[in-house]
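Visitor: I would like to learn how to read the features of a model like this one. Please take them one at a time.

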Amino acid sequence: MTDEELVERQLGRRPRAFRRVAVRCPFGKPAVTEQVAFDQDGHPFPTQFYATCPHLVAAISRLEAAGGVERWSRAARQDPELAASLEQAQALQRRLRPELDAGIGGSTRDGSLKCLHAHAAFALARPGYELGERILAELPALWPVDRCCTSC
């Protein structure tokens, strides 16, 4: 089974703008993919790094549902280290994909987090992003303990 087919199985649909697998889980399956800037129909695809591992996606979704976007946005405004981390990562995202001139997850406003999934995926694909790494550290576990969550 190809990586793209595995990602399709994870998402329950064909992935849009798929370029490659950027990060694999400990079981060797896709966990984060990288997308091209424009999909097959020429539409912008603002999210460069996309979390696909069902376990990881569910854990981040629970964090978002518990008010995580607002809480981490506030932390990024109040903590100078996190603010600098976010600013540097947004600038890096714009350099990586200048054709879209957008930050992580397609953000066009400075200082706001649009989606924790995008920030977590960016941190996994581009280690050293402090804010994203702190978001990931809040998750109970990035990966299942005993077996892969992606059925083949």
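**Reading the contacts and the fold**

Guide: Leaving out residues up to four places away in sequence, Cys-25 touches Ala-31, Trp-143 and Cys-148. Keep in mind that this is a predicted model.

Visitor: Where is Cys-25 placed?

Guide: Cys-25 sits in the loop between S1 and strand S2 (30-35). Its relative accessible area is 9%, and buried means under 20%, so Cys-25 counts as buried.

Visitor: How many Å separate the C-alpha atoms of Cys-25 and Leu-6?

Guide: The separation is 13 Å, for two residues 19 apart along the chain.

Visitor: How should the chain as a whole be read?

Guide: Begin with the secondary structure, which comes to 6 helices and 3 strands in the protein chain. Along the sequence the order is α-β-β-β-α-α-α-α-α. The radius of gyration is 15 Å, close to the 15 Å that the globule rule gives for 152 residues, so the chain is as compact as a globular protein of that length. Along the principal axes, the C-alpha atoms fill a box of roughly 45 × 40 × 25 Å.

Visitor: What percentage of the 152 residues count as buried?

Guide: The share is 46%. The protein chain exposes about 7,800 Å², with carbon and sulfur atoms supplying 50% of that area.

Visitor: In the contacts between residues at least 6 apart in sequence, what percentage join residues at least 24 apart?

Guide: In the protein chain that figure is 54%.

Visitor: How far apart are the mean positions of the positive and negative charges?

Guide: They are 2 Å apart, taken over 20 positive and 19 negative charges.

Visitor: How do I read a single helix?

Guide: The general idea is that an α-helix has 3.6 residues a turn, so residues three or four places apart point the same way. For burial, go through the helix residue by residue. H5 is mostly covered, with 10 of its 10 residues buried. Among them are Leu-116, His-117, Phe-122 and Leu-124.

Visitor: Is His-119 buried or exposed?

Guide: His-119 is in helix H5 (residues 116-125), and its relative accessibility of 1% makes it count as buried. The side chain of His-119 makes a polar contact with the side chain of Tyr-129, at 2.7 Å. Outside its neighbours within four places in sequence, His-119 is in contact with residues including Leu-86, Gln-90, Ile-104 and Ile-135.

Visitor: What about backbone angles?

Guide: Look at the sign of phi in residues other than glycine. Ala-17 has a positive phi of about 60° although it is not a glycine. Ala-17 belongs to the loop between helix H1 (3-11) and strand S1 (18-24), and with a relative accessible area of 3% it is buried.

Visitor: Which loop holds Asp-101?

Guide: Asp-101 is in the loop between helix H4 (80-96) and H5. Asp-101 also has a positive phi, about 45°, without being a glycine. At 52% relative accessibility, Asp-101 counts as exposed.

Visitor: How do I compare distance in sequence with distance in space?

Guide: Take a pair of residues and set the two values side by side. Gln-78 and Ser-151 are 73 residues apart in sequence, and their C-alpha atoms are 42 Å apart in space. Gln-78 lies in helix H3 (residues 68-78) and is exposed, with a relative accessible area of 59%.

Technical notes
Residues numbered from 1 in each chain as written. Predicted model: local features only at pLDDT ≥ 70, side-chain atom pairs only at ≥ 80, totals over all residues. Heavy atoms only, no water. Helix = DSSP H or I, 4+ residues; strand = E, 2+ residues; numbered from the N terminus. Rg over C-alpha atoms; globule rule 2.2 N^0.38 Å. Buried < 20%, exposed > 50% of the residue type's maximum accessible area, 1.4 Å probe, protein only. Contact = heavy atoms within 4.5 Å. Areas by Shrake-Rupley, 256 points an atom, 1.4 Å probe, with all protein chains shown as cover. Lys, Arg positive; Asp, Glu negative; His and termini not counted. Charge placed at Lys NZ, Arg CZ, Asp CG, Glu CD. Polar contact = N/O pair within 3.5 Å; in protein donor to acceptor, adjacent residues only side chain to side chain.
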